[in-house]
Amino acid sequence: MTLAKAHSSLFQWFERWLPRLAVAPSFAASLFFVYGFIAWTFYISFTNSGVLPNYDFAGLVQYERLWDTPRWYVALKNLFIFSILFIGGCTVIGLFLAILLDQRIRIEGAIRTIYLYPMALSFIVTGTAWKWILNPGLGIEHTVQSWGFESFTFDWLVDRDMAIYTIVIAGIWQSSGYVMALFLAGLRSVDDDVIKAAAVDGAGPWRTYTSIVVPMIRPIFLSAFVVLAHLSIKSFDLVIALTGGGPGYATDMPATFMYAFAFQRSELGVATASAIIMLATVMAIVVPYLYSELREGRR
Amino acid sequence: MTLRMKVTAAAFVLGAMIAPQCAYADGEVEVLHWWTSGGEAKAVGELKKMFEDEGGKWIDSPVAGGGGDAAMTALRARVVSGNPPTAVQLKGPNIQEWGEQGVLGSIDDVAKAEKWDEVLPPTLASIMRYKDEYVAAPVNVHRVNWVWANPEVLAKIGADMPKTWDEFNATADKLKEAGVTPLAHGGQPWQDATIFETVVLGMGGADFYRKALVELDQDALKSDTMIKVFDEMRILRGYVDDSFSGRDWNLATAMVMKGEAAFQIMGDWAKGEFLAAGKKPGEDFVCVPTPGEPGYILNTDSFAMFKVEGEDRVKGQKTLARLIMSPDFQVIFNLAKGSIPARTGVPRDQFDSCAQKSMDDLSASTKNDTLVPSMAHEMAVPRSVRGEFMDVVTEHFNSDMSSQDAVDRLSAAIERVASR
C-alpha cells in the first residue's frame, strides 16, 4: 500500500471507531450504575436486609411482606389513577392546545412560551405553589368564599378520597405545555398539500384533524407517552411537596413508599422489593408499546 | 526578597502546613448530626466549644433535615465503606441496631469512672448500653406527654386543666361551642403517633404502655383498652380544625399562642417556641402532663461512639463522652435546647418552671417505675416497627375506620414486622 492509502485506511478506521470511543465511557458508566445497580436491587429484594444490606439469600419473604402491607395497595392504586389521568390528560390537553396554536394566530410565539413556562419549574415549586392554592383556609376555597359564595367548598387537598386528584391537577398543569410543544412540532411537519387535498375533497376541520392529521403524527404520541410515563413513575417530589403523602397515607405512591421504607424505616428488603415491582410494572407497559410502534415504523 | 527572607517565609509556610497535623491534647472527633437549625445548632455549638476548650479537635459533619433520614443514609454509606464517623447523633433502639452490626465502640471505662449508673434513670441507662457496655452518652431528656394550654382561652369558658380524658372531652366540647378550636394539631404521621402514645399511657397506665408499645405483646395490642384508645383518638379527631392536614408542629403551637386553639399535645420542644416568642410559663401558657394515668414518656438525644482507628480518635471519644455527661454541659445545652438534663446532680435554678416540673416528675416516675420510652420518637422500638404503628394510627385518624378494624390492622402489622 502506498503511504497515502495506508493513511486513509487508518483515517477511515479512526472515523468509524471514534464515535464509539467517545460514547464508550458514558455507556460503560450507565451500564454499571444503572443496570448493575438494578441487578443489585433485584438481589437485595431476595434477602433479609434491614438497616444495612445483608447478602444471605432468603427467598420471597420480602415480596410476601410487601403484598401483605395495606399501604402498598394504596400506593399502587394511586399510581394507576395518577398515571392514567396524568398521561391521558396531558396528551388530550397538549394536543388540543397544539391544534389551537396551529391556526396561524398572530402572537403564537408569546402564547407558546407562556404555555411552556410551567415545564421550567421544578416539581417541588409546582407542588408547594399548588399546595397553597388548594389549601381550604388560604387558597381557592377561602377566596371564593370571601367573594360571597359562603357554601363553596374545594377541600380536595385534605380529603382522603380526592387528594390524589389534586396531584393530577398540578401534574397536568406542569407538563401539558411540554406535550403541546411536541405536538405542535409534529403538526407543523404535516404537509400543507395534504390539508389542501382534504379541503378540496370537502372535509371540514374536525374531520381533517381526526381522520388525517392526527394519525399522521402517531410517532409523537409515542414520544409523549414515554416522557409522561417516566414522569409519572418518578413523581416523588410532586407528591412530597403537595401533600407529603396525603392525609394519612392516602396519596402515597410507590416512589414515596420505597423512600419511606428504605430510608425512614430501615427496611431495605421491602423497599427493594417494591422497586422491582415498579420496574416490572413499567416494563410490562412500555416494552410492548415500544416494540409495536418501532416494528410498525420499520415496515 | 533576600534569600534569608525567602527561607524564613518558606519555613513559616511549612510550619503552618504541618501545625494542624500535630496531635491534639484531648483527641479529635468527627461528629455526624442533624442539629442544623436555630436553637439546636446553638446547643451543639456549645458542646463543640467545650470540647475545643479542652484542647480537642472537633470536625463537624452536619447533615440537614428529615429528622435524621439524610444523616442516617450518610452514616450507612460511611459504615459500609469502613470509615465511620467518631460520634453520631443516634437514639433509642437504633443504638442497639448498630451495635448488632458490630460497629460501635465502648465507653464503659468513662461510664464507670464517672459513675453514670448512679446518675442516670435505669430506663435511660439501658438504652445507652449495648450488651451491658455503655456505647452512647445522653445529652438531654425530653418529655413527650405534655399538654400546652392557653389559660386566657380556658378562663373564658371557666374550665380547669383536665385530669382525665373524659374531663378533656367535656372541656373540648365546651370550647367547640364557644367557637375555639379545642386541639391544635398538625396532621403529620409522627404528630398523630405522639398523641396516640399519650392516650395509650393515659388509658392503660405505664404497664400497659410497656406491654403494648415496647414489648409488642399481641394480647395487649388486641385488648379492650386498645380499642378504647382508638375510640378516644376518634373523639380527638373531632376536636381539630379543618386545615390540620400536613401542618407543621410549630404552626400548631402558634395557634395556641394566638388563642385560636386551647390545647396542644406535644413534647417540651414546644416550650422553646413559646419562650422564643417571649411568652412566660404560668402566665401566657401552662404546661400540664397529659390526662389519665401518671407517667413520663421519655425522649432522649444521645451521641453513639463508633469503632474507630487511631489513638487520637479513641481519646476524643472518651473526652466527648465525659464532657457530655458533665453537669456544666448538661446545664448549658439544655437551657439552649429547652429540655432537661439527663443526669441528676445538676443545679436547677436557671431552669424555668415547666422544666423544673419536668425534673420533679422524672425523679418521681423513676421511683414509681412509670418512666416509659417514647414509641413515636424512636426510643422504644426500631424504626421498622414504629413505621407500622404510624401507618395504622395515621390511617385511622384520617379515615372513618372503626376501632376494631384499627386494632386488627395493628396486630397484623406488628406480627408482620416482628417476625422479620
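## Helices on the sheet

In this predicted model, helix α9 of chain B, residues 165-177, lies across two strands, β9 and β10 of chain B. Follow α9(B) along its direction and you will find that it makes about 145° with β10(B), the strand at residues 261-266.

A second helix to look for is α13 of chain B, made of residues 249-258. Helix α13(B) packs on the sheet and touches β8, β9 and β10 of chain B. Its angle to β10(B) is also about 145°.

## The sheet itself

Now for the strands. Strands of a sheet pair through backbone hydrogen bonds, and they can do so in a parallel or an antiparallel way. Here, four strands of chain B form an open sheet in the order β9-β10-β8-β11, and the pairing is mixed. Which strands are at the edges? They are β9(B), residues 181-183, and β11(B), residues 286-289, each of which pairs on one side only. On average, neighbouring strands of this sheet are turned by 25° against each other, ignoring direction.

Take a look at β8(B), residues 146-149: four bridges join β8(B) to β11(B), and the two run antiparallel. Trp146(B) stands opposite Pro289(B), which belongs to β11(B).

## Nonpolar cores

The largest nonpolar core holds 74 residues. Phe196(B), Met226(B), Phe263(B) and Phe389(B) are the ones with the most contacts inside it. Which helix gives the most to this core? That is α10 of chain B, residues 189-214, with 11 residues.

Another core, of 64 residues, lies apart from that one. Its members include Leu52(A), Ile95(B), Met325(B) and Val331(B).

Notes
Residues are numbered from 1 along each chain as its sequence is written. Chains are lettered from A and ligands numbered from 1 in the order in which they are written. This is a predicted model: local features need pLDDT of at least 70, side-chain atom pairs count only at pLDDT 80 or more; totals for chains, interfaces and linings use all residues. Side-chain values use heavy atoms; hydrogens and water are left out. Two strands pair if DSSP finds at least two bridges between them. Axes are lines fitted to C-alpha atoms, for helices over the stretch in contact, and angles run from 0 to 180 degrees between N-to-C directions. Contact means heavy atoms within 4.5 Å. A nonpolar core is a set of buried Ala, Val, Leu, Ile, Met, Phe, Trp, Tyr and Cys residues joined through side-chain atoms within 4.5 Å. Buried means under 20% relative accessible area, exposed over 50%, partly exposed in between (1.4 Å probe, protein chains only).
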